[in-house]
Amino acid sequence: MRVGIINATGYIGMDLARLLLRHPEVEVAWVTGRGAAGQRLGEYLPHLDVGGIPILAEPGEADILFSALPHKSSAVALLPFIKQGTRVIDLSADFRLKDAAEYRRWYEVEHPSPSLLSQAVYGLPELRRAEIAAARILASPGCYPTATLLALAPAVKEGLLEPYIIVDAKSGVSGAGRGLTLNTHYSEANESVTAYALGGHRHHPEMFQELQSLNPALSPALTFLPHLIPMTRGILATCYALFRKRTSQAQIEELYQEFYLGAEFVKVVGSSPQTKQTLGSNRCLVHPVVDEAGARLVVLSALDNLVKGGGGQAVQCMNLMLGLPEATGLETLAIFP
Ligand SMILES: NC(=O)c1ccc[n+]([C@@H]2O[C@H](COP(=O)([O-])OP(=O)(O)OC[C@H]3O[C@@H](n4cnc5c(N)ncnc54)[C@H](OP(=O)(O)O)[C@@H]3O)[C@@H](O)[C@H]2O)c1
């Protein structure tokens, strides 16, 4: 099975390449990159010096195609391949939202092919395993939505929560990509923490859409506030919600353990998770806590934004699409400390 990666010179594309180069069932045929076209991947990125993979200026042929381009460019690049029937996995936001008007509102561009949005499958395997297996267009979720949805899914699906939900999330700097900006500049990001997107973040509609799909009776009044933390990788999401009726810690633990029973990559843990416990791995650690009164739920979730929040999750979906065991090529445990 030959795979190609459009844009392997950004952080997501290169970490996806790292995983696919060691995947036992696929061969990376080529990657693309604009400035580095003509070089071998290992020349441009020495940590990926495996097998002399060419960096092309334009995508070639492949059995499965990944795109790690920025939004809008990604859908445009994938359209000809979708039309010819190639299965595609898009790591940008272009196929995540079902509503083209919502896409226009948050991304401030017209979707280049709105009619395809209904065909795309939202690639969160723990929630949509069967749909993903049959997908032709796979929309790989955003990093913050992955952490948030995995934290909240069991309680939301069970109908335990009031609609008012707060998600306070922290991300490492790689979440902003490789391009330099003032707020990711070392001297401004280091030894500093800041909240951003106070007026609304683009991942908000994605979380809303998926929470509502988990429980159509819930119209979530979701507050999502992201923060930039001076570390390279990792997301910690702290989600706060009120129960509709009194619920105990034991009930919640049982619900969460049962919901994620058999999930290779989501572990319900008994103590406050650290982002470092997920570094480089495809795991998400989830820790639900109920207050003494049984009135309030706090769920913490930690993951690596470039792996379970990015390339690792895309490979997990590819495995399902190819009928392979879900964990193939993703067995790496976290590097800790
Ligand atoms: N970072 C994360 O944690 C994360 C997680 C999940 C999903 N995503 C999504 O994954 C995609 C890539 O994110 P990233 O963080 O890897 O970005 P990135 O590191 O900022 O990628 C930047 C690279 O993309 C290429 N590029 C930029 N604009 C382009 C265009 N219009 N056409 C072609 N190539 C272009 C450039 O490489 P060349 O000049 O070498 O071609 C640039 O070096 C985005 O859609 C993002 O939303 C990111």
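Strand 9 and strand 10 run antiparallel to each other and are joined by 2 bridges. The model described here is predicted. In that pair, Thr 194 has Leu 228 of strand 10 as its bridge partner.

**The mixed sheet**

Strands 9 and 10 belong to an open sheet of 7 strands with the order 9-10-8-11-14-13-12 and mixed pairing. Its edges are formed by strand 9 (194-195) and strand 12 (266-268), each of which pairs on one side only. Strand 10 also pairs with strand 8 (residues 161-171), in the parallel sense and over 8 bridges. Within this pairing, Val 167 has Phe 224 of strand 10 as its bridge partner, and Ile 166 stands opposite Thr 223 of strand 10.

The side chains of strand 10 alternate between two faces. Leu 222, Phe 224, Pro 226 and Leu 228 point to one face and are buried, whereas Ala 221, Thr 223, Leu 225 and His 227 point to the other and are not. Phe 224, the bridge partner of Val 167, is thus on the buried face; Thr 223, which Ile 166 faces, is on the other.

**The parallel sheet**

A second open sheet of 7 strands has the order 3-2-1-4-5-7-6, and its pairing is parallel. Here the edge strands are strand 3 (55-56) and strand 6, and each pairs on one side only. Strand 6 is joined to strand 7 (residues 137-139) by 2 bridges, with the two strands running parallel. Ala 139 in strand 7 is the bridge partner of Tyr 122.

The pairings described for the two sheets are listed below.

| Strands | Sense | Bridges | A residue pair |
|---|---|---|---|
| strand 9 and strand 10 | antiparallel | 2 bridges | Thr 194 and Leu 228 |
| strand 8 and strand 10 | parallel | 8 bridges | Val 167 and Phe 224 |
| strand 6 and strand 7 | parallel | 2 bridges | Tyr 122 and Ala 139 |

**Domains and their contact**

The domain assignment of the protein chain gives domain 1 (2-119) and domain 2 (144-304). Their C-alpha centres lie 26 Å apart. The contact between them takes 9 residues from domain 1 and 7 residues from domain 2. On the side of domain 1 that touches domain 2, helix 4 gives the most, with 3 residues. The residues of that side divide into 5 nonpolar, 1 polar and 3 charged.

**The nonpolar core**

In soluble globular proteins, nonpolar side chains tend to be buried together. The largest nonpolar core of this model has 93 residues, of which Ala 17, Phe 66, Ala 147 and Leu 152 touch the most other members. Helix 6 (residues 143-157) supplies the largest share of this core, 10 residues. Domain 1 and domain 2 both give residues to the core, so it lies between them.

Leu 152 is in contact with Ile 165, Leu 211, Cys 239 and Val 299, leaving aside neighbours within four places in sequence. Leu 211 is among the buried residues of helix 8 (residues 204-214), together with His 204, Pro 205, Glu 206, Met 207 and Glu 210. The cover over the buried residues of helix 8 includes helix 4 (100-107), strand 6 (121-122), helix 6 and strand 10 (221-228).

**A buried loop residue**

Val 26 is found in the loop between helix 1 and strand 2 (27-32). Val 26 has 21 other C-beta atoms within 10 Å and is therefore buried, the threshold being 20 or more. Not counting residues up to four places away in sequence, Val 26 touches Met 1, Val 3 and Leu 20. Met 1 is 25 residues from Val 26 in sequence, but the two are 4.9 Å apart in space, C-alpha to C-alpha.

**The shell around the ligand**

The ligand is surrounded by 30 residues, the closest being Gly 10, Arg 34, Ser 92, Gly 177 and Arg 178. Helix 1 (11-20), helix 3 (73-83) and helix 10 (307-321) are the elements that give two or more residues to this shell. Of these, helix 1 gives the most, with 3 residues. By residue class, the shell divides into 10 nonpolar, 18 polar and 2 charged. Both domain 1 (2-119) and domain 2 (144-304) give residues to the shell around the ligand, so it lies between them.

Definitions and conventions
Residues numbered from 1 in each chain as written. Predicted model: local features only at pLDDT ≥ 70, side-chain atom pairs only at ≥ 80, totals over all residues. Near = placed C-beta within 6 Å. Helix = DSSP H or I, 4+ residues; strand = E, 2+ residues; numbered from the N terminus. Nonpolar A, V, L, I, M, F, W, Y, C, P; charged D, E, K, R; others polar. Domains from an automatic or database assignment. Core = buried A, V, L, I, M, F, W, Y, C linked by C-beta atoms within 7 Å. Buried ≥ 20, exposed ≤ 12 C-beta atoms within 10 Å, placed from the backbone. Contact = placed C-beta atoms within 7 Å. Pairing = 2+ DSSP bridges.
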